[in-house]
Amino acid sequence: MRFFKGLFQKVDQVLTGRRPVDDELFDDLEEALIQADVNIHTTMAVVNDLRDASRKERINDSDAIKERLKDDLVKVLTANADEHLRWSPSPPTVYLVVGVNGVGKTTSIAKMAARFKSQGKKVMLAAADTFRAAAIDQLEIWANRTGVDIIKQREGADPAAVVYDALQAAKSRGADIVICDTAGRLHTKKNLMEELKKIGRVVERELGREPDEVLLVLDATCGQNAVSQAREFKEAVPITGIILAKLDGTAKGGIVITLKDELGIPIKLVGTGEKCEDIDEFDSRDFVSALFG
Ligand SMILES: Nc1nc2c(ncn2[C@@H]2O[C@H](COP(=O)(O)OP(=O)(O)OP(=O)(O)O)[C@@H](O)[C@H]2O)c(=O)[nH]1
Ligand SMILES: [Mg+2]
């Protein structure tokens with residue numbers, strides 16, 4: 001996870017240079033964590049734990065505090081979380097990709113398609129963002145570029161019908177995975193949520209189970225706004241994981257911790273650029289180590 005170096009630069013600075021472990025250090029640490037987008041709840045919990053530890057275990061070295069901070073953050077990230085993408089024992093595995101417009105849904109789908117294909121899987125994309133013709137074209141360009149199948153209909157078609165077609169095609173062609181692109185914006189938010197629910201029902205009817213993953217794409221540069229988006233989606237659809245896109249565009253890696261702590265939804269993938277290979281599976285321990293460079 002080489003991309004994450006520097007995401008926690010200010011926090012790292014507070015704990016570098018063998019500073020004395022005193023109240024001033026804890027105050028600075030608190031401020032740096034909050035500035036890096038770590039939520040108040042986690043910040044307080046972690047800093048309190050470190051204060052206690054420094055007192056009870058007589059930790060008086062900022063390096064030791066840093067190690068304990070890493071452990072604490074890993075605990076927050078791994079609590080009740082399955083970081084790995086689920087695969088169904090009976091193919092096709094179905095992923096529904098949702099999120100507001102512009103966050104990086106289509107790009108993330110292209111990245112996943114390229115990755116799964118390189119692993120020898122037969123991938124099929126469903127162009128269920130039928131709201132704009134350009135959205136269908138964009139997915140098709142990616143499908144051609146990565147050499148995977150795509151199922152599409154015309155602009156304005158029923159997205160659930162596109163998903164239905166894709167599932168039929170996947171079964172008859174023996175696809176391992178179907179990844180469904182969806183609209184980020186409709187005439188109203190209610191329409192959008194109803195549409196996503198309808199797609200979910202089609203998957204359930206055709207496969208006898210819910211989509212294997214409902215992946216919410218969030219833009220890491222949006223900070224607190226990403227958390228609000230996640231709350232809204234979570235109320236309407238059963239989100240199983242987060243794809244955090246554009247992590248290359250922020251110096252505030254704490255958003256990863258905030259999302260996990262406030263929503264309890266694991267981050268499964270992170271986007272780190274605009275190219276096909278710019279995607280990483282999320283690993284809490286690697287991530288936290290990399291935060292501190
Ligand atoms: N730097 C960076 N840019 C990204 C990343 N993921 C997506 N983008 C860019 O973000 C912009 C929007 O990406 P899309 O994939 O089209 O987003 P979308 O959610 O499908 O958008 P709509 O279809 O309009 O709802 C594009 O310019 C992408 O290149 C990422 O991980 N890093
Ligand atoms: Mg899109």
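This passage describes salt bridges, buried residues and a surface patch in a predicted model.

A search of the whole structure finds 23 salt bridges. Arg-19 pairs with Asp-28, with the closest N and O atoms 3.1 Å apart. Asp-28 is partly exposed, at 27% relative accessible area. Arg-19 is also partly exposed, at 22%. Arg-18, Asp-61 and Asp-63 are joined in a network of salt bridges.

Another salt bridge lies within helix α3. Asp-52 and Lys-56 are both in this helix, four residues apart, about one turn. Their closest N and O atoms are 3.9 Å apart. Asp-52 is partly exposed, with a relative accessible area of 33%. Lys-56 is exposed, at 68%.

The salt bridge between Asp-149 and Arg-173 has its closest N and O atoms 3.0 Å apart. This pair links distant parts of the chain: Asp-149 belongs to strand β3 and Arg-173 to helix α7 (residues 159–173), 24 residues apart. Asp-149 is partly exposed, at 27% relative accessible area. Arg-173 is partly exposed as well, at 42%.

Lys-105 is buried yet has no salt bridge. This lysine is found in helix α5 (residues 105–118). The nearest side chain of opposite charge belongs to Asp-181, 5.7 Å away. A salt bridge requires a distance within 4 Å, so this separation of 5.7 Å does not qualify. A polar atom of the Lys-105 side chain does lie 3.1 Å from the backbone oxygen of Gly-99. Beyond its neighbours within four places in sequence, Lys-105 contacts several residues, including Val-97, Val-98, Thr-182, Ala-183 and Val-217.

Val-148 is buried, with a relative accessible area of 8%. It sits in the loop between α6 (133–146) and β3 (149–151). Residues up to four places away in sequence aside, Val-148 touches Ala-113, Lys-117, Val-123, Leu-125 and Ala-143. The C-alpha atoms of Val-148 and Arg-185 are separated by 26 Å, with their positions 37 residues apart along the chain.

Helix α9 (residues 224–236) also contributes buried residues. These are Ala-226, Val-227, Gln-229, Ala-230, Phe-233 and Ala-236. Their cover includes β1 (93–98), α8 (189–207), β5 (213–219) and α10 (255–263).

At the surface, Ile-34, Ile-40 and Met-44 make a nonpolar patch of about 260 Å². Met-44 is placed in helix α3 (residues 40–56). This methionine counts as partly exposed because its relative accessibility is 39%, between the limits of 20% and 50%.

Definitions and conventions. Residues numbered from 1 in each chain as written. Chains lettered and ligands numbered in written order. Predicted model: local features only at pLDDT ≥ 70, side-chain atom pairs only at ≥ 80, totals over all residues. Heavy atoms only, no water. Patch = residues over 30% accessible without salt bridge, like charges linked within 9 Å, V, L, I, M, F, W, Y side chains within 5 Å. Areas by Shrake-Rupley, 256 points an atom, 1.4 Å probe, with all protein chains shown as cover. Helix = DSSP H or I, 4+ residues; strand = E, 2+ residues; numbered from the N terminus. Buried < 20%, exposed > 50% of the residue type's maximum accessible area, 1.4 Å probe, protein only. Lys, Arg positive; Asp, Glu negative; His and termini not counted. Polar contact = N/O pair within 3.5 Å; in protein donor to acceptor, adjacent residues only side chain to side chain. Contact = heavy atoms within 4.5 Å.
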